[in-house]
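This report concerns a single protein model. Please consult the sequence and the structure shown below while reading.

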Amino acid sequence: MVGIQHSGSGEKSFGEIIGLQEEIGKIQAAIADFEIGKKLNIAIIAGPLRGKTTLSDEIEKMNLNRATKITFSEIVRDKKEIFLSGDAKRVVIFDNCHFLYMRKPGGFDIFYEFLDMISSQDRIFVTTWNLYTWKYLNEAFELGRYFPVQIFIPAFNKEDLRLFLLKRYGKNEIIFASDKQSKEEPLLYKIKYPFELAFLGKEIFIPVPKINILYLKNRLLYKQEIETAEDRVLEKIYIESKGNPGIALRIWELGFDYPRIEPKNIDQFSFNIDLEYEEAFTLSLILSYQSLKKTEIAEIIGSIIRVDKILFQLLTQELILKDEANSYRIRPEALNSVITYMEKLRLVW
């Protein structure tokens, strides 16, 4: 079935879920209410790389005997692709529903069919949506009316981000190296001081205690604990990623030289984006769909020739990449700069 795969495709899953217990509780409560006759469809909404697929995977596992999951991996073109057979279970999970429309005149037929189906069938629907597509469709079609339970995935806090990045390694497997040795020295230590014995005509070295002034200054003046190299690595990643696990993982990988990582190797990313309007519009499409093939972009903007020029420009500015499925995605490390630029142009909101 073109464009549909059952579990395990679409946005990359991060495996075991971290946090989100409150969100999982709301979804499970809605599913439980459905069993006693109260149907409230569910929308899981988040920007790229925030873990929509991971959360939907978890919901599928928790409802394994009563759930059917379908993942869309490209724009759906045939209504048969959303058709549910008679043996489909009563809890239906649709992952990546931002692929249910094509942003052009006449590109919403599948979307209308989908809304009609979820309104008429005796099933509860758990769906995932890209944040920017959701806002657009909600503004244009009041999409939220079809999904009374809306789950917006929050950013990770610092501790959850630490667990997420380190969960794949064993205890003490990773070496967090310091780039400022003085912070690692103890408060009081000894150095060898030269002392000249004139009457003997020679120099000897005697041990002299020394205070780590920088350490003491930080403790007394700033009244804060000295951070370890691990703390500084994770703090820099947290600030740069804004709590987005997909961005954080990319920044970690770029600075990591197994088994060693240093704070100085955690880069800051700020892209000076300068695009013509059609280039910016295409970038907003890629942001809203999360991934698009060249043929899909061409169909939306109406020219395969212009698409080549636009993609060349976006690739040259290192704003997008081409993945193994020949789809174009925003580069994770450029994602925050792209979002800021798109919001400034009011191409997303």
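The text moves from the overall composition to two sheet regions, one helix and one loop residue.

The model is predicted: local features need pLDDT of at least 70, side-chain atom pairs count only at pLDDT 80 or more, and totals for chains, interfaces and linings use all residues. Residues are numbered from 1 along each chain as its sequence is written, and side-chain values use heavy atoms, with hydrogens and water left out.

**Overall composition**

The protein contains 13 helices and 14 strands; helices (H or I, at least four residues) and strands (E, at least two) are DSSP runs, numbered from the N terminus. Of its 349 residues, 48% are buried, where buried means under 20% relative accessible area, exposed over 50%, and partly exposed in between (1.4 Å probe, protein chains only). About 18,400 Å² of the protein is exposed, and carbon and sulfur atoms supply 52% of that area; accessible areas come from the Shrake-Rupley method with a 1.4 Å probe, and for residues only the protein chains shown count as cover. Among the contacts (heavy atoms within 4.5 Å) with a separation of 6 or more, 74% involve residues 24 or more positions apart.

**Strand pairing**

Two strands pair if DSSP finds at least two bridges between them. In strand β2 (residues 42-46), five of five residues are buried. Ile42, Ile44 and Ala46 point one way from β2, while Ala43 and Ile45 point the other way. Elsewhere, three strands form an open sheet of mixed pairing in the order β7-β11-β10. Its edge strands are β7 (175-176) and β10 (256-257), each of which pairs on one side only. The table lists parallel pairings from both regions.

| Strand pair | Bridges | Residues of the second strand |
|---|---|---|
| β2 and β5 | Five | 124-130 |
| β2 and β6 | Four | 149-152 |
| β7 and β11 | Two | 260-261 |

Individual partners can be located within these pairings. Ile42 stands opposite Val126 in β5, and Ile45 stands opposite Phe152 in β6. In β11, Ile261 is the bridge partner of Phe176.

**Helix α12**

Helix α12 (residues 304-316) has 13 residues and should span 18 Å at 1.5 Å a residue, which agrees with the 18 Å between its end C-alpha atoms; the expected span is 1.5 Å times one less than the number of residues. Val307, Ile310, Leu311 and Leu314 are buried in α12. They cover an arc of only 100° around the axis, which puts them on the same side of α12; the arc is that of the directions from the helix axis to the C-beta atoms. An α-helix has 3.6 residues a turn, so residues three or four places apart point the same way.

The buried residues of α12 pack against α10 (277-289), α11 (294-301), β13 (320-322) and β14 (327-330). On the face turned away from this buried side, α12 carries the exposed residues Ile305, Lys309 and Phe312. At the start of α12, a side-chain oxygen of Ser303 reaches to within 3.4 Å of the backbone nitrogen of Ile305. Just after α12, Glu318 takes a positive phi of about 55°.

**Asn63**

Asn63 lies in the loop between α2 (52-62) and β3 (67-72) and is buried, with a relative accessible area of 2%. Its side chain makes a polar contact with the side chain of Gln28 (2.8 Å). A polar contact is a pair of N or O atoms within 3.5 Å; within protein, one must be able to donate a hydrogen and the other to accept it, and residues adjacent in sequence count only if both atoms are side-chain atoms. Leaving aside neighbours within four places in sequence, Asn63 is in contact with Gln28 and Ile31.
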